[in-house]
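Work through the exercises below with the coordinates open. Try each task before reading its solution.

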Amino acid sequence: MPFRILHIASWYPHRRDPLEGGFIAERISGLAPYAENHIVHMQLKRTSGRIIFSRTTGDRYSGRILEAPFLRWRWLEAWSPSMLLRDLTSLDLHSFDLVVVHVAYPLLVHFSYISPRIPVPVIMSEHWAAYRMQFNLPTGHAALERMKGMLNGVDGLIVVSQVLRRDMTSFFGALPATF
């Protein structure tokens, strides 16, 4: 039986933007010779136009994208875990060997509520450099404290560079096993 990985991504190429999240798609396709990859793409985007909801399902892919002019970051943080939990409950999580979450924010802000329902190790694969700038928020902002909980329930961390690892160590303090 092949090694099965469930990838959860908030950025991934889709019909409306085939280039968005291309770097994540490349990482996942690089694992194809070694693992069976399944993708859950869940994205909430703030736009200046009308409300657009799209859902796509296919072989080993499920994607839901909500674009709306009224989304606020706090709402994104609240809706992301509920949408993610809804997607995960439709899957047999015991059939996977590993879960990889690509780009933590906003998917992992309240991950401590979801992680007990995941019976396999969870790895966070981080590509984003916003940690260095504290997500453009002032020191002591309540959102920063919520974001510092993104590692709760994460068993390991993959970072794309040593600079990002240093920035994340500065932001979070101690990190889980890092690759």
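## Exercise 1: an aromatic pair

**Task.** Decide whether Phe172 is buried or exposed, then classify its ring pair with Tyr131.

**Solution.**
- Step 1. Phe172 has a relative accessible area of 16%. Buried means under 20%, so Phe172 is buried. The model is a predicted one.
- Step 2. Do the same for the partner. Tyr131 has 2% relative accessibility, so Tyr131 counts as buried too.
- Step 3. Now the geometry. A pair of aromatic rings is described by the distance of the centres and the angle of the planes. For Tyr131 and Phe172, the centres are 5.5 Å apart and the planes stand at 50°. The pair is therefore tilted.
- Step 4. Place the rings in the fold. Tyr131 sits in the loop between β6 and α3, while Phe172 belongs to helix α4. The pair therefore ties together parts that are 41 residues apart in sequence.
- Step 5. Widen the view. The whole structure holds 8 aromatic pairs. Ring pairs join Tyr131 and Phe172 with Tyr105, Phe135 and Phe171 in a cluster.

## Exercise 2: the two sides of α4

**Task.** Find which residues of α4 are buried, and where they lie around the axis.

**Solution.**
- Step 1. List the buried residues of α4: Leu164, Asp167, Met168, Phe171 and Phe172.
- Step 2. Check their spread. They cover an arc of only 115° around the axis, so they lie on the same side of α4.
- Step 3. Recall the helix rule. An α-helix has 3.6 residues a turn, so residues three or four places apart point the same way.
- Step 4. Look at the face turned away from the buried side. Gln162, Arg166 and Ser170 are exposed there.
- Step 5. Ask what does the covering. The cover over the buried residues includes β6, α3 and β7.
- Step 6. Check the end. Gly173, just after α4, has a positive phi of about 95°.

## Exercise 3: the sheet

**Task.** State the strand order, and explain why β3 and β8 each have one side without a neighbour in the sheet.

**Solution.**
- Step 1. The open sheet has 8 strands, ordered β3-β4-β2-β1-β5-β6-β7-β8, with mixed pairing.
- Step 2. β3 (52-58) and β8 (177-178) are at the edges. Each has a single partner strand, so one side of each lacks a neighbour in the sheet.
- Step 3. Add the helix. α4 (residues 162-172) packs on the sheet and touches β6, β7 and β8. The direction of α4 makes about 135° with that of β7.
- Step 4. Follow β4 (residues 61-68). β4 runs antiparallel to β3, joined by 7 bridges. Thr57 is the bridge partner of Ser62, and Ile52 that of Glu67.
- Step 5. Take the other neighbour. β2 (residues 35-46) pairs with β4 in the parallel sense over 8 bridges. Here Val40 stands opposite Ser62.
- Step 6. Inspect the turn. The hairpin of β3 and β4 has 2 residues between the strands, and Arg60 takes a positive phi near 65°.
- Step 7. Test the burial of β4. 8 of its 8 residues are buried. One side carries Tyr61, Gly63, Ile65 and Glu67; the other carries Ser62, Arg64, Leu66 and Ala68.

## Exercise 4: the cores

**Task.** Which residues touch the most other members of the largest nonpolar core?

**Solution.**
- Step 1. That core has 40 residues, and the answer is Ile8, Ile118, Met124, Tyr131 and Met150.
- Step 2. Elements supplying at least two residues each include β1, α2, β5 and α4.
- Step 3. A second, separate core has 8 residues, among them Ala9, Tyr12, Ala25 and Tyr61.

Conventions: Residues numbered from 1 in each chain as written. Predicted model: local features only at pLDDT ≥ 70, side-chain atom pairs only at ≥ 80, totals over all residues. Heavy atoms only, no water. Pairing = 2+ DSSP bridges. Helix = DSSP H or I, 4+ residues; strand = E, 2+ residues; numbered from the N terminus. Contact = heavy atoms within 4.5 Å. Axes fitted to C-alpha atoms, helices over the stretch in contact; angles between N-to-C directions. Buried < 20%, exposed > 50% of the residue type's maximum accessible area, 1.4 Å probe, protein only. Core = buried A, V, L, I, M, F, W, Y, C linked by side-chain atoms within 4.5 Å. Arc of directions from axis to C-beta. Phe/Tyr/Trp six-rings, centres within 6.5 Å; stacked < 30°, edge-to-face > 60°.
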